[in-house]
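Hi everyone, thanks for coming. I'd like to walk you through one structure today, so please have a look at it with me.

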Amino acid sequence: MIRPPEYDNLIRTRALEAVAPTPGAVTAYLKSARSYLSAAKAADVNESGPVFTLAYEGLFLVVQSVLEFHEVRTKDAGRNLAIQRVCTDLQFSPAEFRLMIKAHDRRNAITYRSPFPPVSQPEAMALVGILEKYLPIAHALTNTPP
């Protein structure tokens with residue numbers, strides 16, 4: 001596997017670890033991400049918390065698919081760094097990048113420090129839009145048919 005040098009640098013700094021590929025994992029991650037997208041789009045838009053969570057989890061599966069494609073995995077607290085690296089690979093716009101990082105921080109607040117301020121409907125729907133936009137790009141990047 002020839003991966004971008006940025007990944008090798010992250011392996012050298014021990015932020016990521018090189019792993020053997022798991023057959024079918026990229027396809028499985030992307031299939032699950034599509035399921036999360038479908039669930040987020042079918043959810044009640046007035047319930048922004050569940051919509052946000054579904055979209056975030058779908059996006060993180062997209063991240064996982066790209067990491068798996070490059071034969072790396074996160075180590076310890078490397079999830080945020082992995083998200084940043086993959087957002088760059090997928091060519092997120094600066095606004096999309098900021099929203100994804102903010103979403104990750106909010107997800108951590110939900111998981112580790114709740115109660116948390118409610119997620120707004122526009123914020124949740126923006127995350128759904130990002131998942132919808134970048135899922136096909138992840139398929140293309142990983143050479144995985146939709």
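Helix 3 is mostly covered, with 16 of its 22 residues buried. Keep in mind that what you see is a predicted model. From its first C-alpha to its last, helix 3 reaches 31 Å, close to the 32 Å expected at 1.5 Å a residue. Just past the end of helix 3 comes Glu 71, with a positive phi of about 60 degrees.

Now, the inside. How many cavities of 30 Å³ or more does a search of the whole structure find? The answer is 1, and its volume is about 30 Å³. Its lining is made up of Leu 59, Val 62, Val 63, Val 86, Cys 87, Leu 90, Phe 92 and Met 100. Two elements give two or more residues each to that lining: helix 3, residues 48-69, and helix 4, residues 79-89. The largest share, 3 residues, comes from helix 3. As for chemistry, the lining has 8 nonpolar residues, no polar ones and no charged ones.

Let's move on to helix 6, which covers residues 121-141. At its N-terminal end, Ser 120 acts as the cap, with a side-chain oxygen 3.1 Å from the backbone nitrogen of Glu 123. Further along, there is a kink of about 30 degrees at Tyr 134, shortly before Pro 136. Even so, helix 6 spans 30 Å between its first and last C-alpha, close to the 30 Å expected for it. Among its buried residues are Leu 127, Leu 131, Tyr 134 and Leu 135. After helix 6 you meet Asn 143, whose phi is positive, near 55 degrees.

Thanks, everybody!

How values were computed: Residues are numbered from 1 along each chain as its sequence is written. This is a predicted model: local features need pLDDT of at least 70, side-chain atom pairs count only at pLDDT 80 or more; totals for chains, interfaces and linings use all residues. Side-chain values use heavy atoms; hydrogens and water are left out. On a 1 Å grid over the protein atoms alone, a cavity is a set of points where a 1.4 Å probe fits but cannot get out, and a pocket is an open set with protein on both sides within 12 Å along at least five of seven lines; lining residues have an atom within 4 Å of a point. Grid points are joined across faces, edges and corners, and a volume is the space filled by probe spheres set on the points. Helices (H or I, at least four residues) and strands (E, at least two) are DSSP runs, numbered from the N terminus. Ala, Val, Leu, Ile, Met, Phe, Trp, Tyr, Cys and Pro count as nonpolar, Asp, Glu, Lys and Arg as charged, and the others, Gly among them, as polar. The expected span of a helix is 1.5 Å times one less than its number of residues. Buried means under 20% relative accessible area, exposed over 50%, partly exposed in between (1.4 Å probe, protein chains only). The bend at a residue is the angle between axes fitted to the seven residues ending there and the seven starting there. A polar contact is a pair of N or O atoms within 3.5 Å; within protein, one must be able to donate a hydrogen and the other to accept it, and residues adjacent in sequence count only if both atoms are side-chain atoms.
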